[in-house]
Amino acid sequence: MDRIIDKIKARGLISPGDSVLCAVSGGADSMCLLHALFTNADELGIRVCAAHFDHRLRGAESDRDRLFVEDYCRKNGITVKTGSAAVADYAAENGMGTEEAARTLRYAFLRDAARELECRLIATAHNCDDNAETVLLNLTRGAGAKGLCGIPPVRGKFIRPLLDKSRAEIEEYLLQNNIPHVEDSTNSGD
């Protein structure tokens, strides 16, 4: 896999002196991104913090994920902010689907965490597989040309450094760098 930070530099996603909040679920994608950012923070000239949001949808598994992220960050000297919300309740109260409610609450939390931790940018671990899925979903919804563009690499303070990486490349990076991660049972496809 090409070095992630080389792509970050080439695209100008992060500038020296930036503080970057990395959204971390504990899964493969976000652990890859967190590792790439914090192990290269000196080379990039940045400060890296992490944020973990619990959607309160998976009970003990959600607790496990939060504890995993907190422990990993503590062991690596990374400042981490955690938060949670009852997504199912919020969705019902606001007439939204669960995914839309989760995204709304998660992004609000990330903005608040970035403000509190004085981070100018928020990095999310969307990859090219997510981008392809978004384009297909938009196609089925009848989206016009704008919807066919997929996930942008930059939107406001949100950056997506892994957007050109496949899930296979991310898993290879984790293996090569011996980076632990957790698996979310809702992503198993069952």
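These exercises work through the fold of a predicted model.

**Exercise 1. Fold inventory**

Find how many helices and strands the protein has, and in which order they run.

*Solution.* Start with the tally: 8 helices and 6 strands. Then read from the N terminus: α-β-α-α-β-α-β-α-α-β-α-β-β-α.

**Exercise 2. The sheet**

Determine the strand order of the sheet and name its edge strands.

*Solution.* The 6 strands form an open sheet with mixed pairing. Their order is β3-β2-β1-β4-β6-β5. Next, look for strands that pair on one side only. These are β3 (79-84) and β5 (154-155), the edge strands.

**Exercise 3. One strand pair**

State how β4 and β6 are joined, and which residue of β6 Ala123 faces.

*Solution.* Strand β4 covers residues 121-123, and strand β6 covers residues 158-159. The two run parallel, with 2 bridges between them. Opposite Ala123 stands Ile159 in β6.

**Exercise 4. Helices against strands**

Find which strands helices α4 and α6 meet, and the angle of each helix to β2.

*Solution.* Take helix α4 (residues 60-75): this helix packs on the sheet and touches β2 (47-54) and β3. The directions of α4 and β2 make about 165°. Now take helix α6 (residues 98-116). Helix α6 lies across β1 (19-23), β2, β3, β4 and β6. Its angle to β2 is about 145°.

**Exercise 5. Burial, contacts and surface**

Give the buried share of residues, the share of long-separation contacts, and the make-up of the exposed area.

*Solution.* Burial: with a limit of under 20% relative accessible area, 44% of the 190 residues are buried. Contacts: take those with a separation of 6 or more; 76% of them link residues 24 or more positions apart. Surface: the protein exposes about 10000 Å², and carbon and sulfur atoms supply 48% of that area.

Conventions:
Residues numbered from 1 in each chain as written. Predicted model: local features only at pLDDT ≥ 70, side-chain atom pairs only at ≥ 80, totals over all residues. Heavy atoms only, no water. Helix = DSSP H or I, 4+ residues; strand = E, 2+ residues; numbered from the N terminus. Buried < 20%, exposed > 50% of the residue type's maximum accessible area, 1.4 Å probe, protein only. Contact = heavy atoms within 4.5 Å. Areas by Shrake-Rupley, 256 points an atom, 1.4 Å probe, with all protein chains shown as cover. Pairing = 2+ DSSP bridges. Axes fitted to C-alpha atoms, helices over the stretch in contact; angles between N-to-C directions.
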